[in-house]
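Me: I want a close look at one part of this model. Keep it brisk, and work outward from a single residue.

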Amino acid sequence: MNLTRNTSLILNKIHTIKEQLFSPKYLLYTNVAISISLSAVGDALEQHYEILKGEWDKWSLNRTRNMAASGMAVGIVCHYWYKFLDARLPGRTTSIVLKKVIIDQLVCSPLCITMFFLSLAILERNSWSELKKEIITKAHKLYIAEWVVWPPAQLLNFYFLPNKYRVLYDNTISLGYDVYTSHVKHDNPKCGSKNSKI
């Protein structure tokens, strides 16, 4: 009996915390924290894979920190983007959902990719020409991957989920994509293996 009561109390407490975290008052902070955390996890996974392949000497805390910070920038953009998109295109009809998916891919995806490279360039103290070169040589790889991953994922997001869970859903789906993002960002074939610059 005590076990059932304790379990019920714990579940109620978890539900209360979840409701607070996803309430309008705390939603921005929750979305940003989720984005930071999963961007860091994605980079840590990619780095450990690179270490196993012999392409990286050791895990770089600076690199993971920078990727987490870029996740923060993207998390803020996505938080406000979904609020804007849902306000402009309310509803869940097939035509509304398809419009949202297309607009999301044409507007938000390039914006998030740009924010990703820009925030990392600032953190890594890269010059404007280095940032431009990186966007020209790498951004298209991320954008192509976005067209593979996100349209089907966003169909579910826009059709089934309320606005408050959109960034959580995005980041859960995005964990695998974040691994790829880290790979594209830090793939420097001309530098050779054992790259531990960052």
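Leaving aside its neighbours within four places in sequence, which residues is Asn-171 in contact with?

Reply: A caution first: this is a predicted model. Setting aside neighbours within four places in sequence, Asn-171 is in contact with Ile-34, Ser-35 and Leu-38. Asn-171 itself lies in helix H6. Its relative accessible area is 9%. Buried means under 20%, so Asn-171 counts as buried.

Now the partners. Helix H2 covers residues 27-53. An α-helix has 3.6 residues a turn, so residues three or four places apart point the same way. H2 has 27 residues. From first C-alpha to last, H2 reaches 39 Å, close to the 39 Å expected at 1.5 Å a residue. Gly-54 follows H2. The phi of Gly-54 is positive, near 80°.

Back to H6, and its packing against another helix. H6 spans residues 166-186, and helix H4 spans residues 94-123. The axes of H4 and H6 come within 13 Å. They cross at roughly 50°. That angle makes H4 oblique to H6. The crossing of H4 past H6 is right-handed.

Which side chains build that contact? H4 supplies Lys-100, Phe-116, Phe-117 and Leu-120. H6 supplies Arg-166, Thr-181 and Lys-185. By class, the contact of H4 with H6 has three nonpolar residues, one polar residue and three charged residues. The nonpolar ones are Phe-116, Phe-117 and Leu-120. Thr-181 is the polar one. Lys-100, Arg-166 and Lys-185 are charged.

Next, the loop that follows H4. Arg-125 lies between H4 and helix H5, which covers 128-160. Its phi is positive, about 55°, although Arg-125 is not a glycine. Check that backbone angle when you inspect the loop. Arg-125 is exposed, with a relative accessible area of 77%. Set Asn-171 beside it: that residue is buried, at 9%.

One residue falls in between. Gln-20 lies in helix H1, residues 2-21. At 46% relative accessibility, Gln-20 counts as partly exposed. The cut-off for exposed is over 50%. For a long-range distance, take Gln-20 and Ala-145. They are 125 residues apart along the chain. Their C-alpha atoms are separated by 34 Å.

To recap, Asn-171 is a buried residue of H6, in contact with Ile-34, Ser-35 and Leu-38 once sequence neighbours within four places are left aside. H6 also meets H4 in an oblique, right-handed crossing.

How values were computed
Residues numbered from 1 in each chain as written. Predicted model: local features only at pLDDT ≥ 70, side-chain atom pairs only at ≥ 80, totals over all residues. Heavy atoms only, no water. Axes fitted to C-alpha atoms, helices over the stretch in contact; angles between N-to-C directions. Helix = DSSP H or I, 4+ residues; strand = E, 2+ residues; numbered from the N terminus. Parallel < 35°, antiparallel > 145°, perpendicular 65-115°, else oblique. Left-handed = near helix turned anticlockwise from the far one by under 90°. Contact = heavy atoms within 4.5 Å. Buried < 20%, exposed > 50% of the residue type's maximum accessible area, 1.4 Å probe, protein only. Expected span 1.5 Å × (residues − 1).
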